Amino acid sequence: MAAKPIATKQVDELRHLIEGVAKNFADRVYGPQGPEWGTQFADIEELAVQIGQAVSRQMCDQALQRQAAQPVPAAEQVCPSCGRPGEAAEPEPRIVMTRAGDAQWQEPHHHCPRCRRSFFPSVEAAGP
């Protein structure tokens, strides 16, 4: 699990921002005085989890859409069947299940006129 230390470092670097965002959510939901007496811990926890998942889904959606908006590297524009350059085609909707729910974005893809097939660069090549 090599990704965990990197993510943990990034989360630590964002700690003050995360605290501020959490305070903003708490203020909007409960007001500056906090939840009224008698509010069940389970209710507070459930709302916090739902908000966290919604933020996670939005972050995945936005990060993936930003990545997809970047130019596709030349090496990823080659047809995996014949090795010839493909032609850029209109992006298509992509949905992937994450631990926080579905992530959605517009996936760039290419078409090979020789093989008459479409291919998605992010699917054909594994990332680091």
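What is the mean pLDDT of the protein chain, and what percentage of its residues reach 70 or more? I start there because what we are looking at is a predicted model, and the mean pLDDT of the protein chain is 87, with 90% of its residues at 70 or more. Within the chain, confidence is highest in helix H2, residues 15-30, at a mean of 96, and lowest in helix H4, residues 121-124, at a mean of 56. Over residues 124-128 the pLDDT stays under 50, and for that stretch the model has four contacts beyond four places in sequence.

Let me turn to the overall layout. The protein chain has four helices and three strands, and, read from the N terminus, these elements run α-α-α-β-β-β-α. Of the chain's 128 residues, 14% count as buried. If we take the contacts between residues at least 6 apart in sequence, 46% of them join residues at least 24 apart.

On the helical side I would like to stay with H2. Its 16 residues, at 1.5 Å a residue, should span 22 Å, and the C-alpha atoms at its two ends are indeed 22 Å apart, so the expected and the modelled span agree. Arg15 lies in this helix and, with a relative accessibility of 36%, counts as partly exposed, while its side chain is joined to that of Asp12 by a polar contact of 2.7 Å. Just after H2 comes Gly31, which takes a positive phi of about 85°.

Now to the sheet, where I will spend most of the remaining time. Three strands form an open sheet in the order E1-E2-E3, with antiparallel pairing. Strand E1, residues 87-98, and strand E3, residues 117-119, are the edge strands, each of them pairing on one side only. From one strand to the next, the twist averages 35°.

The pairing of E1 with E2 is antiparallel and runs over ten bridges, and the two strands form a hairpin with two residues between them. To place this pairing on the structure, you can look at Val96, whose bridge partner in E2 is Ala103, and then at Glu87, whose bridge partner in E2 is His111.

On the other side, E2 and E3 also run antiparallel, and three bridges join them. Here Cys112 has Arg117 in E3 as its bridge partner, and His111 stands opposite Ser118 in E3. His111 is therefore a useful residue to find on the screen, since it is paired with Glu87 and also stands opposite Ser118.

E2 and E3 form a hairpin with four residues between them, and Arg116 is found in the loop that links these strands. The phi of Arg116 is near 55°, a positive value in a residue other than glycine. As a general matter, most residues other than glycine have a negative phi. Is Arg116 buried or exposed? With a relative accessibility of 71%, Arg116 counts as exposed, because that value is over the 50% cut-off.

Finally, I would like to look at two residues of strand E2, beginning with Glu107, which is found in that strand, residues 101-112. Glu107 has a relative accessible area of 3% and is therefore buried, the cut-off being 20%. The side chain of Glu107 makes a polar contact of 2.7 Å with the side chain of Trp105.

The second is His109, whose place is also in strand E2, and which is buried, with a relative accessible area of 5%. What does the side chain of His109 make a polar contact with? One partner is the side chain of Glu92, at 3.5 Å, and, in addition, a polar atom of the His109 side chain lies 3.0 Å from the backbone oxygen of Glu90. Leaving aside residues up to four places away in sequence, His109 touches Glu87, Ala88, Ala89, Glu90, Pro91, Glu92, Ser118, Phe119, Phe120 and Pro121. Among these, Glu87 is the bridge partner of His111, and Ser118 is the residue that His111 stands opposite in E3.

One caution before I stop: Pro121, which His109 touches, belongs to helix H4, residues 121-124, where the mean confidence is 56, and that contact should be read with this value in mind.

Key. Residues numbered from 1 in each chain as written. Predicted model: local features only at pLDDT ≥ 70, side-chain atom pairs only at ≥ 80, totals over all residues. Heavy atoms only, no water. Buried < 20%, exposed > 50% of the residue type's maximum accessible area, 1.4 Å probe, protein only. Polar contact = N/O pair within 3.5 Å; in protein donor to acceptor, adjacent residues only side chain to side chain. Pairing = 2+ DSSP bridges. Axes fitted to C-alpha atoms, helices over the stretch in contact; angles between N-to-C directions. pLDDT = per-residue confidence, 0-100. Contact = heavy atoms within 4.5 Å. Expected span 1.5 Å × (residues − 1).
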